[in-house]
Amino acid sequence: MDIKEFAKSISGKEYGYPQLTKEEIETARKNGFIIVYGCSDDLMEFRGVIDDEGGCFDGGKVFFNRDEVYQGYNKEKYSNWINAIWCGEEKDADGKEITWTYETEIPHETFMIYEDVEPYCRGIVFSIDDVK
């Protein structure tokens with residue numbers, strides 16, 4: 001499965017917990033993908049090859065490496081980042097504001113999560129091969 005096809009397969013879900021099925025997470029792992037999406041108003045979830053989370057209350061950068069998310073020690077080991085944007089200016093195809101969006105230099109595909117039919121998160125999927 002290629003990354004574009006995978007992102008499309010998980011797009012359109014309703015916000016909830018757990019957000020992804022065990023099968024979707026296993027498919028991501030087997031294909032070398034990392035899935036990133038928002039949870040609540042303060043977390044960036046990583047699923048797939050990395051299974052972790054980073055704090056990003058009100059937005060901000062979360063740093064990580066090929067194994068884990070930065071949790072306050074040896075920051076120099078974490079050369080990758082994703083910037084979480086909380087209630088920014090991003091809109092969906094219908095012009096509705098998306099609560100969580102992300103910026104990163106890592107090549108990626110996007111997918112949507114909704115909450116009560118409103119856009120909640122434009123998540124990203126990328127390959128572990130593109131992580132430093």
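Where does P18 lie, in terms of the elements on either side of it? P18 is in the loop that runs between β1 (13-14) and α2, and I would like to start there, with the reminder that what we are looking at is a predicted model.

The peptide bond joining Y17 and P18 is cis, with omega at about -5°. For orientation, most residues other than glycine have a negative phi, and most peptide bonds are trans. Y17 and P18 also bring us to the largest pocket, because they are among the lining residues closest to its centre, together with Q19, Y37 and R47. The volume of this pocket is about 190 Å³, and 14 residues line it. Three elements, α2 (22-31), β2 (33-39) and β3 (43-48), each give two or more residues to that lining, and the largest share, 3 residues, is from β2. Sorted by class, the lining holds 7 nonpolar, 4 polar and 3 charged residues.

Let me stay with β2, since it has partners on more than one side of our story. How many of the residues of β2 are buried? The count is 7 of 7, so the strand is mostly covered. F33, I35, Y37 and C39 point one way from β2, while I34, V36 and G38 point the other way, and every one of these residues is buried. That pattern fits a general point, which is that in a regular strand the side chains alternate between the two faces of the sheet.

On pairing, β2 and β3 run antiparallel and are joined by 6 bridges, with I34 standing opposite G48 of β3. These two strands form a hairpin with 3 residues between them, and S40, which lies in the loop between β2 and β3, has a phi near 60°, a positive value in a residue other than glycine. The relative accessible area of S40 is 36%, and S40 is therefore partly exposed.

β2 is also joined to β9, again in the antiparallel sense, by 4 bridges. Here F33 stands opposite S127, and I35 stands opposite V125.

That takes us to β9 itself. Why would one call strand β9 largely enclosed by the rest of the structure? The strand covers residues 118-127, and 8 of its 10 residues are buried, which is the reason for that description. Besides β2, β9 pairs with β8 (residues 109-115), antiparallel and over 7 bridges, and within that pairing M112 has R122 in β9 as its bridge partner. β8 and β9 make a hairpin with 2 residues between them, and D116, in the turn, has a positive phi of about 55°.

A further positive phi belongs to C87, near 50°, again in a residue other than glycine. C87 is found in the loop between β6 (80-86) and β7 (100-103), and with a relative accessible area of 37% it counts as partly exposed.

For a sense of distance, consider V49, which has its place in the loop between β3 and β4 (52-55). V49 is partly exposed, with a relative accessible area of 34%, and its C-alpha atom is separated by 29 Å from that of D116, the two residues being 67 apart along the chain.

I will turn now to the aromatic rings, of which the model contains 7 pairs under the rule used here. Why does the pair formed by W100 and Y102 count as stacked? The ring centres are 6.4 Å apart and the planes meet at 5°; since pairing requires centres within 6.5 Å, and stacking requires planes under 30 degrees apart, the pair satisfies both conditions. Both partners are buried as well, W100 with a relative accessible area of 0% and Y102 with 10%, where the cut-off for buried is under 20%. Elsewhere, F46, F64 and F126 form one aromatic cluster. By their numbering, F46 falls within β3 (43-48) and F126 within β9 (residues 118-127).

One last contact involves a charge and a ring. Which residue has its charged end over the ring of W81? It is K61, whose charged end sits 4.2 Å from the centre of that ring.

How values were computed:
Residues are numbered from 1 along each chain as its sequence is written. This is a predicted model: local features need pLDDT of at least 70, side-chain atom pairs count only at pLDDT 80 or more; totals for chains, interfaces and linings use all residues. Side-chain values use heavy atoms; hydrogens and water are left out. On a 1 Å grid over the protein atoms alone, a cavity is a set of points where a 1.4 Å probe fits but cannot get out, and a pocket is an open set with protein on both sides within 12 Å along at least five of seven lines; lining residues have an atom within 4 Å of a point. Grid points are joined across faces, edges and corners, and a volume is the space filled by probe spheres set on the points. Ala, Val, Leu, Ile, Met, Phe, Trp, Tyr, Cys and Pro count as nonpolar, Asp, Glu, Lys and Arg as charged, and the others, Gly among them, as polar. Rings of Phe, Tyr and Trp (its six-membered ring) pair if their centres lie within 6.5 Å; planes under 30 degrees apart count as stacked, over 60 as edge-to-face and the rest as tilted. Buried means under 20% relative accessible area, exposed over 50%, partly exposed in between (1.4 Å probe, protein chains only). A charge sits over a ring if NZ of Lys or CZ of Arg is within 6 Å of the ring centre and within 35 degrees of the ring normal. Two strands pair if DSSP finds at least two bridges between them.
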